[in-house]
Amino acid sequence: MKCYHEVACPNCHSSHIMKSGKNAQNIQRYRCKNSICPTITFMLDYRYNACAPGIKEKVVEMAINSSGIRETARVLKIDKNTVISILKSKEDSLVQVNPIFLSENTESPLDVRLELVCEEAEIDEQWSFVGKKSNQRWLWHAVDHATNTVIAYVFGKRKDIIFKELKALLAPFKINRYYTDDWGAYERNLEKNEHEIGKQNTQKIERKNLNFRTWIKRLTRRTICFSKIEKMHDIVIGLLINKVEFGRDIHA
């Protein structure tokens with residue numbers, strides 16, 4: 001008795017499939033005949049789960065939803081080094097300025113559409129660490145005071161030079177009012193007539209900090225889940241901001 005199994009492309013779900021030889025383990029490969037489908041070849045059974053369709057997307061989604069490297073590896077049944085490699089491959093696609101505010105037809109990445117320029121911004125720095133608590137890694141970011149949308153962000157020490165990097169990213173927005181806490185870097189680098197200190201107008205960015213700590217375990221104050229290298233720390237948080245705040249497709 002013969003049994004037939006219909007094969008469909010895992011990407012476009014087309015049934016126009018042809019055989020495409022076998023791999024070294026003698027497992028049948030298939031090729032999608034849909035001309036607009038990005039899938040080259042695929043298999044129905046993968047000996048290593050990391051090769052299966054959709055695994056890379058799951059790794060990224062788990063990373064920005066409070067899952068650590070080892071937890072992701074256990075759940076998806078892949079090696080932890082594969083998880084690290086997938087996340088590192090996303091580094092070049094990250095941006096530090098919200099593209100919603102960027103001009104579509106410009107050669108400079110800092111040119112801004114005038115109709116989207118925010119007039120007031122809240123700025124704050126969020127504490128975390130890498131490896132050990134003495135090695136502090138601060139997330140400096142600014143949000144639009146009206147919409148509570150992250151405008152730009154940088155990582156580094158809690159020093160004036162890092163704040164100046166963030167200020168440089170904010171310069172094209174022509175912000176005329178900054179709301180911050182009483183950290184000295186703000187007073188030293190912002191004009192007095194544009195700067196206001198106090199918790200009254202920084203409630204939105206403080207809530208944003210809480211949201212970030214809820215999304216990512218490595219930002220939680222009391223936890224054994226922390227980053228071991230700065231590069232991975234910055235990538236995971238950057239992926240969250242790029243997807244949730246900037247609305248970008250981080251799987252592209």
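# Salt bridges and positive phi values

Me: Which word fits Glu245, buried or exposed?
Reply: In this predicted model, Glu245 has a relative accessibility of 11%. The cut-off for buried is under 20%. That puts Glu245 below the cut-off, so Glu245 counts as buried.

Me: What does the side chain of Glu245 meet in a salt bridge?
Reply: Take the closest contact here, N to O, which comes out at 2.9 Å. The partner on the other end of that salt bridge is Lys208.

Me: How many residues apart are Lys208 and Glu245?
Reply: Salt bridge partners Lys208 and Glu245 link distant parts of the chain, with Lys208 sitting in helix 6 (residues 203-215) and Glu245 in helix 7. Lys208 is buried too, at a relative accessible area of 7%. Along the chain, the two are separated by 37 residues.

Me: Where is Arg137, the residue that pairs with Asp234?
Reply: The side chains of these two form a salt bridge, 2.5 Å from N to O. Asp234 belongs to helix 7 (residues 230-245), and its partner is 97 residues away in the chain. Both residues are buried. As for Arg137, look in the loop between strand 6 (132-136) and strand 7 (138-144).

Me: What is the distance between the closest N and O atoms of Arg177 and Glu196?
Reply: Arg177 is partly exposed at 22% relative accessibility, and Glu196 is partly exposed at 28%. Those figures fall between the cut-offs of 20% and 50%. The two side chains still make a salt bridge, and the closest N and O atoms are apart by 3.2 Å.

Me: Which strand holds Glu196, 19 residues from Arg177?
Reply: Arg177 and Glu196 form a salt bridge. This pair links distant parts of the chain, with Arg177 in strand 9 (residues 177-180). Glu196 falls within residues 195-197, which is strand 10.

Me: How many salt bridges turn up in the whole structure?
Reply: Those of Lys208 with Glu245 and Arg177 with Glu196 are among them. Searching the whole structure gives a total of 10.

Me: What is the phi of Ser66 near, in degrees?
Reply: Ser66 lies in the loop between helix 1 (55-63) and helix 2 (69-76), and is partly exposed at 23% relative accessibility. Its phi is positive although Ser66 isn't a glycine, and the value is near 70 degrees.

Me: What is the relative accessible area of Lys174?
Reply: Lys174 also has a positive phi, near 55 degrees, in a residue other than glycine. Lys174 lies in the loop between helix 4 (160-170) and strand 9. The cut-off for exposed is over 50%, so Lys174 counts as exposed with its relative accessible area of 63%.

Technical notes:
Residues numbered from 1 in each chain as written. Predicted model: local features only at pLDDT ≥ 70, side-chain atom pairs only at ≥ 80, totals over all residues. Heavy atoms only, no water. Salt bridge = Lys/Arg side-chain N within 4 Å of Asp/Glu carboxyl O. Helix = DSSP H or I, 4+ residues; strand = E, 2+ residues; numbered from the N terminus. Buried < 20%, exposed > 50% of the residue type's maximum accessible area, 1.4 Å probe, protein only.
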